[in-house]
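Open the structure in your viewer and keep the selection tool at hand. Each stop on this tour says what to select and what is there.

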Amino acid sequence: MTASTTPSDIDVDRNRAVTITFEDGVVCEFPVRELRAACPCATCRGMRERGRDVWPAPGAPDTISVGGAHLSGAWGLSIEWSDGHSTGIYAWAVLRRWWDAGLHQPMLIDPMLNDPVLVDPSTESSHAESSD
Ligand SMILES: [Zn+2]
């Protein structure tokens, strides 16, 4: 059985958690603090690779909330954080894999899924057609 990576419902509780219900019925609740610390954007990925925490920043408040969230195409959620950071796009497939692995694990970010420049819609549709 393959885990669904298509959400059927998305609920943003700005100060608490982003809850995603996937089409296979699995409900995944991602606390905002974990989501912010795991931001998948290139800048935050680079900081983590150098062994630095991306959030909270030294001297900055350690409270965080979602200022805004919107769908990024069909493949993920773009979140604007209360600390002004907004470049991370959380791909459904990455979030689902993270949930299934356990949120105590680092979020495994697939650059192909998290860099819009690398996502080519024409490639995706040709895959869908070839399944026939
Ligand atoms: Zn980031």
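Begin with His 70, then add Ser 78 of E5, its bridge partner. Keep in mind that this is a predicted model.

Next, widen the selection to the two strands, E4 (66-72) and E5 (76-81). They run antiparallel, and six bridges join E4 to E5.

Now add strand E6 (89-91). You have an open sheet of three strands, ordered E4-E5-E6, and the pairing is antiparallel. Which strands stand at the edges of the sheet? They are E4 and E6; each has a single partner strand, so one side of each has no neighbour in the sheet. Turn the view to look along the sheet: from one strand to the next, the twist averages 25 degrees.

Select helix H3 (92-101) next. H3 lies across E5 and E6, and its direction is at about 65 degrees to E6.

Then turn to the side chains. The largest nonpolar core has 22 residues, and those touching the most other members are Tyr 90, Ala 91, Val 94 and Leu 95. Which elements give two or more residues to this core? Select strand E2 (17-22), helix H1 (32-37), and again E5, E6 and H3. H3 supplies the largest share, four residues.

For the last stop, select Leu 95. Which residues is Leu 95 in contact with, leaving aside its neighbours within four places in sequence? Show Ile 20, Cys 28, Phe 30 and Tyr 90 to see these contacts. Tyr 90 was also named above, among the residues that touch the most other members of the core.

Terms used: Residues are numbered from 1 along each chain as its sequence is written. This is a predicted model: local features need pLDDT of at least 70, side-chain atom pairs count only at pLDDT 80 or more; totals for chains, interfaces and linings use all residues. A nonpolar core is a set of buried Ala, Val, Leu, Ile, Met, Phe, Trp, Tyr and Cys residues joined through C-beta atoms within 7 Å. A residue is buried if 20 or more other C-beta atoms lie within 10 Å of its own, exposed if 12 or fewer, and partly exposed in between; C-beta atoms are placed from the backbone. Two residues are in contact if their C-beta atoms, placed from the backbone, lie within 7 Å. Two strands pair if DSSP finds at least two bridges between them. Axes are lines fitted to C-alpha atoms, for helices over the stretch in contact, and angles run from 0 to 180 degrees between N-to-C directions.
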